[in-house]
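Student: I've got a protein model open on my screen and I'm not sure how to read it. Can we go through some features together?

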Amino acid sequence: MAMITWNDSLSVKVQEIDLQHQKLIGMINDLNEAMKSGKGKESLGKIINGLISYTATHFRQEERYFDRFGYPDSVNHKKEHVAFVKKVTDFKNGFEKNDLAVTMEVMNFLSDWLRNHIKGTDKKYSKFFNEKGLK
Ligand SMILES: [Fe+2]
C-alpha cells in the first residue's frame, strides 16, 4: 500500500475535522509501515485497537455536528460510518487469525475507503457546516 499524504484536496473546510482526518491517515500509514516491517503481533494489535477507538471517536464527533445542525444527509452518512466500522472489525478478526493476506487486502480497502469517504461523502457537508459557522 502506498503511503497516503494529506493535502488540500482532502480538506473538508472544518479545521477540527481536518485534523482528525490527518490523524486517521497517519494511523493507517503507521499500521501499514508496522506490518511491512514485520512488527510483532502485540504492537500491531495496539495500533489496530488505537485505530478502531480513534475512528469511533471521530465518527461520533462528525455525527454530533450532524445532529446539532440538522444535517439533511445524516442518515446516509451514518450508514457509511457503520460500514467502515464493520470493515475495521473484519480487519481485526483477520489479523487475529494471523491471516496477513486478508490483512493487507483490508488495509488497502480501508485506505481507499477513507480517501473516497473524505473526498466524497464528507466534502458534501463543508458548505452546510461553514454556513452554520463551523469552520
Ligand atoms: Fe464521515
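Student: At roughly what angle do the axes of H2 and H3 cross, and within what distance do they come?

Tutor: Quick note before we start: this is a predicted model. Now the general idea: two packed helices are described by the angle between their axes and the distance between the axes. Here, the axes of H2 and H3 cross at roughly 170° and come within 11 Å. Angles over 145 degrees count as roughly antiparallel, so H2 is roughly antiparallel to H3.

Student: Which residues make the contact between H2 and H3?

Tutor: On the H2 side, they include Leu44, Ile48, Ile52, Phe59, Glu62 and Phe66. From H3 come, among them, His77, His81, Phe84, Val88 and Phe91. Sorted by class, the contact has ten nonpolar, six polar and seven charged residues.

Student: There's a metal in the picture too. Which residues coordinate the iron ion?

Tutor: For a metal site, start by listing the donor atoms. The iron ion is held by Glu62 through OE, by His77, His81 and His117 through NE2, and by Asp122 through OD. Those donors sit at 2.2 to 2.3 Å.

Student: How are the donor residues spaced in sequence?

Tutor: The pattern is E-x14-H-x3-H-x35-H-x4-D. Take Glu62 and His81 as a pair: they link distant parts of the chain, 19 residues apart. Glu62 belongs to helix H2 (residues 41–69), while His81 belongs to helix H3 (residues 74–96).

Student: Are Glu62 and His81 buried or exposed?

Tutor: Both Glu62 and His81 are buried. That label goes to residues under 20% relative accessible area.

Student: Next up, salt bridges. How many does the structure hold?

Tutor: The general idea is that side chains of opposite charge can pair when their charged atoms come close. This structure holds eight salt bridges. Let's read a few.

Student: How far apart are the N and O atoms for Glu96 and Lys92?

Tutor: Their side chains meet at 3.2 Å, N to O. Glu96 and Lys92 are four residues apart in helix H3, so about one helical turn separates them. Glu96 is partly exposed at 44% relative accessible area, and Lys92 also counts as partly exposed, at 22%.

Student: What separates Glu33 and Lys36 in helix H1?

Tutor: Again about one helical turn, because they are three residues apart in H1 (residues 15–36). Glu33 and Lys36 form a salt bridge with their closest N and O atoms 3.9 Å apart. Glu33 has 42% relative accessibility, so it counts as partly exposed.

Student: And which residue does Asp8 pair with?

Tutor: Asp8 forms a salt bridge with Lys13, and the closest N and O atoms are 3.8 Å apart. Asp8 is exposed, at 53% relative accessible area, whereas Lys13 is partly exposed at 43%.

Student: Where is Lys13, and what is its phi?

Tutor: Lys13 lies in the segment before H1. Its phi is positive, about 65°, although Lys13 is not a glycine.

Student: One last thing. How far apart are Lys23 and Phe129, in sequence and in space?

Tutor: That's a good one for comparing two ways of counting distance. Lys23 and Phe129 are 106 residues apart in sequence and 21 Å apart in space, C-alpha to C-alpha. Lys23 is found in helix H1 and is partly exposed, with a relative accessible area of 44%.

Conventions:
Residues are numbered from 1 along each chain as its sequence is written. This is a predicted model: local features need pLDDT of at least 70, side-chain atom pairs count only at pLDDT 80 or more; totals for chains, interfaces and linings use all residues. Side-chain values use heavy atoms; hydrogens and water are left out. Donors are N, O and S atoms within 2.8 Å of the metal (3.2 Å for Na, K and Ca); water is not among the atoms, so sites may look incomplete. Helices (H or I, at least four residues) and strands (E, at least two) are DSSP runs, numbered from the N terminus. Buried means under 20% relative accessible area, exposed over 50%, partly exposed in between (1.4 Å probe, protein chains only). A salt bridge is a side-chain nitrogen of Lys or Arg within 4 Å of a carboxyl oxygen of Asp or Glu. Axes are lines fitted to C-alpha atoms, for helices over the stretch in contact, and angles run from 0 to 180 degrees between N-to-C directions. Angles under 35 degrees count as roughly parallel, over 145 as roughly antiparallel, 65 to 115 as roughly perpendicular and the rest as oblique. Contact means heavy atoms within 4.5 Å. Ala, Val, Leu, Ile, Met, Phe, Trp, Tyr, Cys and Pro count as nonpolar, Asp, Glu, Lys and Arg as charged, and the others, Gly among them, as polar.
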